[in-house]
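Hi there,

Here is the structure I promised to pass on to you. Could you load it next to this email, so that you can follow along?

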Amino acid sequence: MIIFLLFHFGLLFLLQEANNEDYSFIAVMKKTHQKPDGSYVDQRARLVADTYEKHVQERLGQLESAGEENLRAETLDNHEKNEIYIKVIILNIRLVLHSL
């Protein structure tokens, strides 16, 4: 599973470099798990997106406390977005494993 994730993340990085588009993990997740009306295909996808947004707001708060100004989620680079996303996925996996 870990090898698959690393391979997948490596492909996304190459796509981003080649096309100069937002291929952050959250952007890809939203493209593949969001319906045209903006709702998510299932509860788990919505939970991941909501938890991701919460962590982004926490990070923006940290940056603001450090003196940064005019911060929005778009301010974060893809590397930082990906770090937050991986953190959220690991938390999600732990919750699932704990419930077994």
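Below is what turned up in it, grouped by topic.

**Confidence first**

Please keep in mind that this is a predicted model. The protein chain has an average pLDDT of 83, and 79% of the residues score at least 70. Where is the mean lowest, and where highest? Among the elements of the chain, helix α1 (residues 2-19) sits at the bottom with a mean of 54, while α3 is at the top with 94.

**How α2 meets α4**

Helix α2 covers residues 25-33 and helix α4 covers residues 78-99; their axes come within 8 Å and cross at roughly 65 degrees. On the α2 side the contact is made by Phe25, Ile26 and Met29, and on the α4 side by Asn82, Tyr85 and Ile86. By residue class, that contact has five nonpolar members, one polar member and no charged ones. The polar one is Asn82, because Asn falls outside both the nonpolar and the charged lists.

Two of these residues come back when you look at rings. The whole structure holds two aromatic pairs, and ring pairs join Phe25, Tyr52 and Tyr85 into a cluster.

**His55 in α3**

Helix α3 runs over residues 43-65 and includes His55. Is His55 buried or exposed? Its relative accessibility is 11%, so it counts as buried, the cut-off being under 20%. Leaving aside residues up to four places away in sequence, His55 touches Ile84, Lys87, Val88 and Leu91. Those four partners fall within the residue range of helix α4.

**Salt bridges**

How many salt bridges are there? The count comes to four, and I will go through three of them, beginning with Arg46 and Asp50.

- Arg46 and Asp50 form a salt bridge in which the closest N and O atoms are 2.6 Å apart. Both residues belong to helix α3 and are four residues apart, about one turn of the helix. Arg46 is partly exposed at 34% relative accessible area, and Asp50 is partly exposed too, at 39%.
- Arg59 and Glu80 meet through their side chains, at 2.3 Å from N to O. Arg59 is in helix α3 and Glu80 in helix α4, so this pair ties together parts that are 21 residues apart in sequence. Arg59 is partly exposed, with a relative accessible area of 26%, whereas Glu80 counts as buried at 17%.
- Glu74 and Arg72 make a salt bridge with their closest N and O atoms 3.0 Å apart. Both of these residues are exposed.

**A backbone detail at Asn70**

One more spot you may like to check is Asn70. Although it is not a glycine, Asn70 has a positive phi of about 55 degrees. Where does Asn70 lie? Its place is in the loop between α3 and α4. With a relative accessibility of 74%, Asn70 counts as exposed, because the threshold for that is over 50%.

**In brief**

If you want a short route through the model, start at the crossing of α2 and α4, move on to the cluster of Phe25, Tyr52 and Tyr85, and then look at the Arg59 and Glu80 salt bridge between α3 and α4. After that, His55 with its contacts and the positive phi of Asn70 round off the tour.

Happy browsing, and all the best!

Technical notes. Residues are numbered from 1 along each chain as its sequence is written. This is a predicted model: local features need pLDDT of at least 70, side-chain atom pairs count only at pLDDT 80 or more; totals for chains, interfaces and linings use all residues. Side-chain values use heavy atoms; hydrogens and water are left out. Axes are lines fitted to C-alpha atoms, for helices over the stretch in contact, and angles run from 0 to 180 degrees between N-to-C directions. Helices (H or I, at least four residues) and strands (E, at least two) are DSSP runs, numbered from the N terminus. Contact means heavy atoms within 4.5 Å. Buried means under 20% relative accessible area, exposed over 50%, partly exposed in between (1.4 Å probe, protein chains only). Rings of Phe, Tyr and Trp (its six-membered ring) pair if their centres lie within 6.5 Å; planes under 30 degrees apart count as stacked, over 60 as edge-to-face and the rest as tilted. pLDDT is the predictor's confidence in each residue, from 0 to 100.
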